[in-house]
Amino acid sequence: MDNMQSKHFSITDPQGVNTVIYQVNKTEKEFLDSAPKYTVERLDHTEELRGNLNKKTFYVDNPQKDGNQLVILSFANDKVVINSGLLINDEVRITKRPTPFKFNTLYSEEELEYKDFDYTPNLKRSISIIDPETTEEVKPTLYFDEKTNEVKGKCKLKPYKSYFAFEIREGK
């Protein structure tokens with residue numbers, strides 16, 4: 001039986017702020033030819049209300065010896081604050097040097113299908129689209145692209161609504 005390890009850490013959001021955290025994973029070497037170099041995985045969390053504050057505890061399964069790279073997104077009143085950090089041992093260190101993030105705000109006055117998702121063989125992706133009002137991910141519908149012989153995904157975006165999309169890429 002495998003020993004599953006996990007770590008957890010907590011943050012406290014003030015009223016009107018909603019933080020979500022993603023772990024950045026490097027794709028295994030054997031899949032790099034046909035998959036994105038990095039994928040993102042949203043961390044599970046629990047919440048505990050403390051007056052006007054919201055304490056969130058985030059969980060990292062199988063922590064890495066050299067640390068787990070994190071993307072910390074705090075949503076509040078039409079803005080997103082982006083930080084990156086590293087979970088090492090039992091502490092989260094916020095990095096001082098900027099991490100290259102590509103992000104967009106998606107908006108359309110018509111219903112739109114956003115089809116830009118490449119997946120690794122274990123169905124992880126490098127891009128995430130988030131509804132900034134609820135901070136929930138827009139879940140893609142998977143399909144098989146017969147031209148490229150790959151699994152891809154597409155999201156339906158509602159009209160007159162903004163979305164936040166980000167992707168981790170290799171720095172140059």
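**Exercise 1. Strands 4 and 5**

Task: Find how many bridges join strand 4 to strand 5, and describe the turn between them.

Solution:
- Strand 4 covers residues 44–50, and seven bridges join it to strand 5. The two run antiparallel.
- This is a predicted model.
- One facing pair is Asp44 and Tyr59, the latter in strand 5.
- The two strands form a hairpin, with two residues between them.
- Look at Gly51 in the turn: its phi is positive, about 65°.

**Exercise 2. The other partner of strand 5**

Task: Determine the sense in which strand 1 and strand 5 pair, and identify the residue opposite His8.

Solution:
- Strand 1 pairs with strand 5 in the antiparallel sense. The pairing runs over eight bridges.
- His8 faces Tyr59 of strand 5.
- Tyr59 also stands opposite Asp44.

**Exercise 3. Classify two ring pairs**

Task: The structure holds four aromatic pairs. Classify Phe9 with Phe58, then Phe75 with Phe164.

Solution:
- Start with Phe9 and Phe58. Their ring centres are 5.7 Å apart. Pairing requires centres within 6.5 Å.
- Next, take the planes. They stand at 20°, so this pair is stacked. The cut-off for stacking is under 30 degrees.
- Now place the residues. Phe9 belongs to strand 1 (residues 6–13) and Phe58 to strand 5 (residues 53–61), so the pair ties together parts 49 residues apart in sequence.
- Both Phe9 and Phe58 are buried.
- Turn to Phe75 and Phe164. The ring centres lie 5.8 Å apart and the planes meet at 90°, so the pair is edge-to-face.
- This pair also links distant parts of the chain. Phe75 is in strand 6 and Phe164 in strand 14, 89 residues apart.
- Check burial. Phe75 has 4% relative accessibility and therefore counts as buried. Phe164, at 4% relative accessibility, counts as buried too. The limit is under 20%.
- Finally, extend the network. Ring pairs link Phe75 and Phe164 with Tyr22 and Phe166 into a cluster.

**Exercise 4. Build the largest core**

Task: List the residues of the largest nonpolar core and trace which strands supply at least two of them.

Solution:
- The largest nonpolar core has twelve residues. They are Val20, Tyr22, Val24, Tyr38, Val40, Val71, Leu73, Phe75, Ile130, Phe164, Phe166 and Ile168.
- At least two residues come from each of strand 2 (18–26), strand 3 (38–42), strand 6 (68–76) and strand 14 (163–168).
- Another core lies apart from this one. That second core has eight residues, including Ile21, Leu43, Val60 and Leu70.
- Zoom in on Val20. Leaving out residues up to four places away in sequence, Val20 touches Arg42, Val71, Ile72, Leu73, Phe75 and Thr135.

**Exercise 5. Read the open sheet**

Task: Give the strand order of the open five-stranded sheet, then its edge strands and twist.

Solution:
- The order is 3-2-6-7-8, with antiparallel pairing.
- Strand 3 and strand 8 (91–94) are the edges: each pairs on one side only.
- From one strand to the next, the twist averages 35°.
- Inspect one pairing. Strand 2 and strand 3 are antiparallel over five bridges. Asn25 stands opposite Thr39 of strand 3.

**Exercise 6. Charges over rings**

Task: Locate the lysines that sit over Tyr143 and Tyr163.

Solution:
- Over Tyr143, the charged end belongs to Lys154, 5.3 Å from the ring centre.
- Over the face of Tyr163 lies Lys161, at 5.9 Å from the ring centre.
- Compare with the cut-off: the charge must be within 6 Å of the ring centre.

Terms used. Residues are numbered from 1 along each chain as its sequence is written. This is a predicted model: local features need pLDDT of at least 70, side-chain atom pairs count only at pLDDT 80 or more; totals for chains, interfaces and linings use all residues. Side-chain values use heavy atoms; hydrogens and water are left out. A nonpolar core is a set of buried Ala, Val, Leu, Ile, Met, Phe, Trp, Tyr and Cys residues joined through side-chain atoms within 4.5 Å. Buried means under 20% relative accessible area, exposed over 50%, partly exposed in between (1.4 Å probe, protein chains only). Helices (H or I, at least four residues) and strands (E, at least two) are DSSP runs, numbered from the N terminus. Contact means heavy atoms within 4.5 Å. Rings of Phe, Tyr and Trp (its six-membered ring) pair if their centres lie within 6.5 Å; planes under 30 degrees apart count as stacked, over 60 as edge-to-face and the rest as tilted. A charge sits over a ring if NZ of Lys or CZ of Arg is within 6 Å of the ring centre and within 35 degrees of the ring normal. Two strands pair if DSSP finds at least two bridges between them. Axes are lines fitted to C-alpha atoms, for helices over the stretch in contact, and angles run from 0 to 180 degrees between N-to-C directions.
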